[in-house]
Amino acid sequence: MAVAGLRLMYHGLSQPGVMSKLTHHGADIGVSAVKTAVTRTWALQFPKRLNSTQAYNSQVKENYAKEAENKINKTNKINEVPQLQSIDHFRSSKAQKQGKDNGAYILPHPIWSEEELNSVEITHRVPENFTDKAAFYSVKILRNSFDIFSGFNWRKRSEKQWLRRIIFLETVAGVPGMMAAMVRHLNSLRRMQRDHGWIHTLLEEAENERMHLMTALQIRKPGLAFRGCVLLAQGVFVNVFFLSYLISPYFCHRFVGYLEEEAVKTYTKCLQDIDSGSLPWKNSPAPPIAKDYWQLPPDAMMRDVILAIRADEAHHRVVNHTLGSLKEDEPNPYGPGR
């Protein structure tokens with residue numbers, strides 16, 4: 001029976017096409033099994049791939065959002081008006097060390113100690129040559145003429161008269177430093193040469209004189225007639241000094257040196273009037289702008305302001321006489337704020 005069964009199986013398999021059908025059927029079964037395995041594997045991995053893709057897309061969106069936000073912030077930063085008090089460039093070096101602020105757009109300038117304020121003396125540089133004498137006598141003529149015209153020597157010096165004098169003189173005193181700096185700046189551009197550090201000192205002087213004016217204006221505002229006189233005087237002085245500096249910088253610096261000698265005399269006389277009681281500034285509080293600029297104590301009075309202004313004028317006196325003794329291409333010995 002067994003043998004007969006084997007013979008029957010062999011006979012059936014040996015029939016034409018039967019073996020190929022079985023082979024093809026087995027291949028289909030194998031392919032089907034592979035497809036089933038792949039499908040099951042993909043189904044198991046699909047959630048992981050989906051989560052990974054979603055995470056990637058979310059990260060891309062987040063990166064784009066951050067980039068867009070940075071661009072907006074940069075644009076706003078460019079268009080934003082900065083808090084000027086926070087910019088180190090506009091602070092004096094001493095104010096930065098003390099953690100104090102001189103206000104917006106203030107160039108470096110000396111901050112005087114109490115000893116320096118009270119040690120200022122009236123000095124005079126004796127003229128040595130014709131140019132010195134021309135500068136000295138020019139200042140003397142201007143000083144005496146202004147004193148007579150304003151009644152400074154023959155009228156009672158009241159607070160109103162002092163303020164008029166200070167305001168008028170400071171509108172003129174702020175001109176030389178600016179004009180000299182402009183001429184040297186243009187010379188440097190035209191000649192394509194260095195300036196050797198003169199420009200910044202001259203600009204600091206011009207701004208310092210302007211701050212004297214800003215301080216006085218906190219106490220009194222001049223009228224239209226006074227403003228007209230200032231306009232006339234400035235129009236004449238600007239052009240005369242500009243042409244003079246083109247011709248002889250030496251004469252101009254010596255002129256300003258002698259002019260500052262007279263300024264020291266004027267503010268010394270102002271202090272004398274304060275101490276004598278004829279000028280009621282001994283108990284008058286200093287304007288806030290003066291406290292910020294000269295780093296004065298909170299309880300500073302107008303007398304302290306006049307002391308600081310006199311010290312500034314004494315400093316300009318020394319600086320201009322020094323620059324007047326140097327050649328135009330020699331280095332400026334004064335650093336920023338010194």
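**Entry 1: Pro287**

I looked up the contacts of Pro287 in this predicted model. Leaving aside residues up to four places away in sequence, Pro287 touches Thr215, Gln218, Ile219, Met302 and Val305. I placed Pro287 in the loop between H10 and helix H11, the latter covering 288–294. I then asked whether Pro287 is buried or exposed. Its relative accessibility is 8%, and because buried means under 20%, Pro287 counts as buried. I also checked Pro287 against Ile219, one of the residues it touches. The two are 68 residues apart in sequence, and their C-alpha atoms lie 7.8 Å apart in space.

**Entry 2: H8 against H12**

Two of the residues that touch Pro287, Thr215 and Val305, also appear in the contact of H8 with H12, and I turned to that pair next. Helix H8 spans residues 198–217 and helix H12 spans residues 302–324. I noted a packing angle of about 155 degrees, with the axes 11 Å apart. That angle is over 145 degrees, so H8 is roughly antiparallel to H12. The crossing of H8 past H12 is left-handed.

Which residues of H8 and H12 meet? From H8 I listed Trp198, Thr201, Leu202, Glu205, Asn208, Glu209, His212 and Thr215. From H12 I listed Val305, Ile309, Asp312, Glu313, His316, Val319, Asn320 and Leu323. By class, the residues of this contact are six nonpolar, six polar and four charged.

**Entry 3: His253**

I next examined His253, which sits in helix H10, residues 249–276. With a relative accessible area of 3%, His253 is buried, since the limit for that term is under 20%. Which side chain makes a polar contact with the side chain of His253? I found that of Asn320, at 3.2 Å. Beyond residues up to four places away in sequence, His253 touches Trp198, Leu202, Tyr245, Asn320, His321, Leu323 and Gly324. Among these, Trp198 and Leu202 of H8, and Asn320 and Leu323 of H12, are also in the contact recorded in Entry 2.

**Entry 4: H9 against H10**

His253 and Tyr245 led me to the pairing of H9 with H10. Helix H9 covers residues 224–247, and its axis comes within 6 Å of that of H10. The two cross at roughly 130 degrees, which makes H9 oblique to H10. On the H9 side the contact is made by Phe237, Phe241, Ser244, Tyr245 and Ile247, and on the H10 side by Pro249, Cys252, His253, Phe255 and Val256. I counted the classes as eight nonpolar, two polar and no charged residues.

**Entry 5: H6 against H10**

I then looked up the contact of H10 with helix H6, residues 159–173. Their axes come within 12 Å and cross at roughly 160 degrees. H6 is therefore roughly antiparallel to H10, and the crossing is left-handed. H6 contributes Trp162, Arg165, Ile166 and Glu170, while H10 contributes Thr266, Tyr267, Lys269, Cys270 and Asp273. The classes here are four nonpolar, one polar and four charged.

**Entry 6: The whole chain**

Finally I recorded the overall figures. How many helices and strands does the protein have? I noted twelve helices and zero strands. Of the 338 residues, 36% are buried. I also took the share of contacts that span long stretches of sequence: among contacts between residues at least 6 apart, 72% join residues at least 24 apart.

Terms used: Residues are numbered from 1 along each chain as its sequence is written. This is a predicted model: local features need pLDDT of at least 70, side-chain atom pairs count only at pLDDT 80 or more; totals for chains, interfaces and linings use all residues. Side-chain values use heavy atoms; hydrogens and water are left out. Helices (H or I, at least four residues) and strands (E, at least two) are DSSP runs, numbered from the N terminus. Buried means under 20% relative accessible area, exposed over 50%, partly exposed in between (1.4 Å probe, protein chains only). A polar contact is a pair of N or O atoms within 3.5 Å; within protein, one must be able to donate a hydrogen and the other to accept it, and residues adjacent in sequence count only if both atoms are side-chain atoms. Contact means heavy atoms within 4.5 Å. Axes are lines fitted to C-alpha atoms, for helices over the stretch in contact, and angles run from 0 to 180 degrees between N-to-C directions. Angles under 35 degrees count as roughly parallel, over 145 as roughly antiparallel, 65 to 115 as roughly perpendicular and the rest as oblique. A crossing is left-handed if the near helix is turned anticlockwise from the far one by less than a right angle, and right-handed if clockwise. Ala, Val, Leu, Ile, Met, Phe, Trp, Tyr, Cys and Pro count as nonpolar, Asp, Glu, Lys and Arg as charged, and the others, Gly among them, as polar.
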